[in-house]
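Trainee: I have a new model on screen. Where should I begin?
Mentor: Begin with the surface, then work inward.

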Amino acid sequence: MLKDSHAFASFSVNDIDAARKFYGQVLGLAVEDNEMGILDVKAGGEGHFIAYPKPDHKPATFTVMNFPVADIEGAVDDLASRGVTFEHYDMPEIKTDAKGIARDEYGPPIAWFKDPAGNILSLIEDARA
């Protein structure tokens, strides 16, 4: 029944104007306002997600969206030049380098950052991107 459904993610933000600017201008994604005041954000291919305003928003404490990129170094440098700050972790299970990129033998390189509402997003290296 759902195998042909075009699923999409959604999450809340506390400031829809800040989200529109961040996703549209900083990340360079196509952002459309729908009739209910919700942002429909278009990613590559058929991918999209929505961000909706919520006055009592609490940021997610987990990664809400992953953006596959072919070259994580280049993507991190590009977003950093646009003012994006990458998270730095020094925990037994996650350690990041000076740029905020985690590299280990068990998975692809990944770098986490937050949107203006504090939701956690990531870049994840994938040669198919």
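Mentor: This is a predicted model. The protein exposes about 8000 Å², and carbon and sulfur atoms supply 54% of that area.

Trainee: How many positive and how many negative side chains are there?
Mentor: There are 12 positive and 22 negative side chains. The centres of the two sets lie 2 Å apart.

Trainee: What radius of gyration does the protein have, and what would a compact globule have?
Mentor: Chain length sets the yardstick. A compact globule of 129 residues would have a radius near 14 Å; the protein has 15 Å, so the two agree. Along the principal axes, its C-alpha atoms fill a box of roughly 45 × 35 × 25 Å.

Trainee: Which secondary structure elements make up the protein?
Mentor: Two helices and eight strands. In sequence order they read β-α-β-β-β-β-α-β-β-β. Contacts add another view. Among those with a separation of 6 or more, 54% join residues 24 or more positions apart.

Trainee: Now the inside. What share of the residues is buried?
Mentor: Of the 129 residues, 36% count as buried. In soluble globular proteins, nonpolar side chains tend to be buried together. Here the largest nonpolar core has 30 residues. Tyr23, Leu27, Phe113, Leu121 and Leu123 have the most contacts inside it. Elements giving two or more residues to this core include β1 (9-13), α2 (72-81) and β7 (107-114).

Trainee: Which element gives the most to this core?
Mentor: α1, with five residues.

Trainee: And what does Tyr23 touch?
Mentor: Leave out residues up to four places away in sequence, and Tyr23 touches Phe11, Gly28, Leu29, Val31, Val41, Phe49, Asp115 and Leu121.

How values were computed
Residues are numbered from 1 along each chain as its sequence is written. This is a predicted model: local features need pLDDT of at least 70, side-chain atom pairs count only at pLDDT 80 or more; totals for chains, interfaces and linings use all residues. Side-chain values use heavy atoms; hydrogens and water are left out. Helices (H or I, at least four residues) and strands (E, at least two) are DSSP runs, numbered from the N terminus. The radius of gyration is taken over C-alpha atoms; the globule rule is 2.2 Å times the number of residues to the power 0.38. Buried means under 20% relative accessible area, exposed over 50%, partly exposed in between (1.4 Å probe, protein chains only). Contact means heavy atoms within 4.5 Å. Accessible areas come from the Shrake-Rupley method with a 1.4 Å probe; for residues, only the protein chains shown count as cover. Lys and Arg count as positive and Asp and Glu as negative; His and the chain ends are not counted. The place of a charge is taken as NZ of Lys, CZ of Arg, CG of Asp or CD of Glu. A nonpolar core is a set of buried Ala, Val, Leu, Ile, Met, Phe, Trp, Tyr and Cys residues joined through side-chain atoms within 4.5 Å.
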